[in-house]
Amino acid sequence: MYVIDLTHYLDPKGAIAPERGPARKFADFVTAVVAHATDFDGPDGTPGPLCFRCRKRDQRFVETGLTEDNLVVWRCLACGTEGQVSNWQGSFWDLSAGSPSA
Ligand SMILES: [Zn+2]
């Protein structure tokens, strides 16, 4: 079970901090999970992001969701990897407020 604080992966401007390597791949995955889980206006049945662990072997999409205490969670049915993400509110990937209003 991965327990993620999203702010640990962001720079002071709110962009993804790691520039390359496994940390970058993981940060890309976690932000995609947040966007998918908070996109309430998106079409139903849109697949989640590809699992960062087993996508090399197989194209496996993870399931995402929101818990009652506002943690973004994901689970990969193929490899069993799961995690939860906190402090995603207000990030670029927080789509829960709908389209940004200028
Ligand atoms: Zn997986």
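The following paragraphs lead through the sheet, the helix and the core of this structure, and then turn to two single residues.

The model is a predicted one, in which local features need pLDDT of at least 70 and side-chain atom pairs count only at pLDDT 80 or more, while totals for chains, interfaces and linings use all residues. Residues are numbered from 1 along each chain as its sequence is written.

A good place to begin is the open sheet, whose four strands follow the order S1-S4-S3-S2 with mixed pairing. Strands, like helices, are DSSP runs numbered from the N terminus (at least two residues of type E for a strand, at least four of type H or I for a helix), and two strands pair if DSSP finds at least two bridges between them. Strand S1 (2–5) and strand S2 (63–66) stand at the edges with a single partner strand each, so one side of each is left without a neighbour in the sheet. From one strand to the next, the twist averages 20 degrees. S3 and S4 pair in the antiparallel sense over four bridges.

Helix H1 lies across S1, S2, S3 and S4, and runs at about 60 degrees to S2. Such angles, from 0 to 180 degrees, are taken between the N-to-C directions of axes, which are lines fitted to C-alpha atoms, for helices over the stretch in contact.

The largest nonpolar core has 20 residues, and among those with the most contacts inside it are Leu6, Val30, Val72 and Trp88. The elements that give two or more residues to this core are helix H1 (21–38) and strand S3 (72–75), and the largest share, seven residues, comes from H1. A nonpolar core is a set of buried Ala, Val, Leu, Ile, Met, Phe, Trp, Tyr and Cys residues joined through C-beta atoms within 7 Å. In soluble globular proteins, nonpolar side chains tend to be buried together.

Val72 touches, among others, Val33, Val34, Gln84 and Trp88, not counting residues up to four places away in sequence; contact here means that C-beta atoms, placed from the backbone, lie within 7 Å.

Gln84 is found in strand S4 (residues 82–86), where Val73 stands opposite Gln84. Gln84 counts as partly exposed because it has 17 C-beta neighbours inside 10 Å; a residue is buried with 20 or more such neighbours, exposed with 12 or fewer, and partly exposed in between. Thr7, in the loop between S1 and H1, also counts as partly exposed, because it has 14 C-beta neighbours inside 10 Å.

Conventions
Two residues are in contact if their C-beta atoms, placed from the backbone, lie within 7 Å.
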